[in-house]
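Student: I am new to this structure and would like to understand the reasons behind the words used to describe it. Could you take me through them one at a time?

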Amino acid sequence: MTIEKIEPIHAKKKKVIMQDGRCFALYNSEIYRYKLLEGEELSEELYGEIGTVLKKRAKERLMGLLKNRDYTEYQLRAKLRQGFYPEDAIESAIQYGKEHHYIDDLRYARLYVEQKGNSVGRRMLCRKLSEKGIEREIVEQVIEDQGDEEEAALEALIRKKNIDFSVLSWQERQKICAYFMRKGFTYENILKKINEISGTDYLT
């Protein structure tokens, strides 16, 4: 394997780019110790030795990230890639996290829904969880487990606004509907709930 380029990341660290596209980051002292130079060959034996160091470092980085908050598997992979860890080091760290239950997307999704489900609708919950890399099957499971809680959350939010719908114009009522739709509730459910609360079909 040929080292194509060695470029600085910051004052103390450099990125080593191989001819086959693989790359990894090492401290300047390690670059010097391993005698890595642009255009020179990197033996499989030395690459394996470096890989062992990086696997340990990737695991430490993962545990450092999880020390302060939960992350999804997708988010952790992205964080480790930002640190230029090789894919095998990333995979090793992720598997360690899963085996020790530090990484659990189902638990993450359930907690997220529990925390956010009283202020946003299912559509927004689905979108936010998908953006965090949660698999579709897990998203569908936690949303299904939510049951009728969305309806209760929507009613509480509408009542919290303490609006007299009888004095509002049609345009003002539509603006209110749009507000709740942006929070992930469907127009049909918003219409139904407002009509139930107001006792009249004010939005039809």
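Student: How do you know that α3 and α4 are in contact, and which residues meet?
Tutor: This is a predicted model, and in it Glu73, Leu76, Arg77, Leu80 and Arg81 of α3 meet Glu87, Ile90, Glu91, Ala93, Ile94 and Lys98 of α4. Contact means heavy atoms within 4.5 Å, so these residues are said to meet on that basis. By class, the residues of this contact divide into five nonpolar, no polar and six charged.

Student: What describes the way these two helices, α3 and α4, pack?
Tutor: Helix α3, residues 73-82, and helix α4, residues 87-99, pack at an angle of about 145°, and their axes are 10 Å apart. The crossing of α3 and α4 is right-handed.

Student: Which residues of α3 are buried, and what do they pack against?
Tutor: Glu73, Gln75, Leu76, Arg77 and Leu80 are the buried residues in α3, and the buried residues of this helix pack against α2 (44-66), α4 and α5 (105-116).

Student: Why is Lys15 called buried or exposed, whichever applies?
Tutor: The relative accessible area of Lys15 is 15%, and because buried means under 20%, Lys15 is called buried. This lysine lies in strand β2, residues 13-18, and, leaving aside residues up to four places away in sequence, Lys15 touches Lys5, Ile6, Glu7, Ile9, Cys23, Phe24, Ala25 and Phe84.

Student: What makes β1 and β3 edge strands?
Tutor: Three strands form an open sheet in the order β1-β2-β3, with antiparallel pairing. Strands β1 (3-10) and β3 (23-27) each have a single partner strand, so one side of each is left without a neighbour in the sheet, and both stand at the edges. Neighbouring strands of this sheet are turned by 25° against each other on average, direction ignored.

Student: How do you know that β2 and β3 pair, and how many bridges join them?
Tutor: Two strands pair if there are at least two bridges between them, and five bridges join β2 to β3, which run antiparallel, so the pair meets that requirement. Among the partners in β3, Leu26 is the bridge partner of Lys14, while Phe24 is that of Val16. The two strands form a hairpin with four residues between them, and Gly21 in the turn has a positive phi of about 100°.

Student: Which residues touch the most other members of the largest nonpolar core?
Tutor: That core has 27 residues, of which Phe24, Leu36, Leu42 and Ile50 touch the most other members. At least two residues come from each of β1, β2, β3, α2, α3 and α4, and the largest share, eight residues, comes from α2. Not counting residues up to four places away in sequence, Ile50 touches Phe24, Leu26, Tyr34, Leu36 and Leu42. Apart from this core lies another, of 13 residues, including Tyr108, Tyr112, Ile134 and Val139.

Student: What makes the phi of His101 worth pointing out?
Tutor: Most residues other than glycine have a negative phi, whereas His101, which is not a glycine, has a positive phi of about 60°. His101 lies in the loop between α4 and α5, and because exposed means over 50%, its relative accessible area of 57% makes His101 exposed.

Student: Why does Asn162 count as exposed or buried, whichever applies?
Tutor: Asn162 has 69% relative accessibility, and since the cut-off for exposed is over 50%, Asn162 counts as exposed. Asn162 lies in the loop between α8 (149-161) and α9 (170-182), and its phi, near 50°, is a positive value in a residue other than glycine.

Note on methods: Residues are numbered from 1 along each chain as its sequence is written. This is a predicted model: local features need pLDDT of at least 70, side-chain atom pairs count only at pLDDT 80 or more; totals for chains, interfaces and linings use all residues. Side-chain values use heavy atoms; hydrogens and water are left out. Axes are lines fitted to C-alpha atoms, for helices over the stretch in contact, and angles run from 0 to 180 degrees between N-to-C directions. A crossing is left-handed if the near helix is turned anticlockwise from the far one by less than a right angle, and right-handed if clockwise. Ala, Val, Leu, Ile, Met, Phe, Trp, Tyr, Cys and Pro count as nonpolar, Asp, Glu, Lys and Arg as charged, and the others, Gly among them, as polar. Buried means under 20% relative accessible area, exposed over 50%, partly exposed in between (1.4 Å probe, protein chains only). A nonpolar core is a set of buried Ala, Val, Leu, Ile, Met, Phe, Trp, Tyr and Cys residues joined through side-chain atoms within 4.5 Å.
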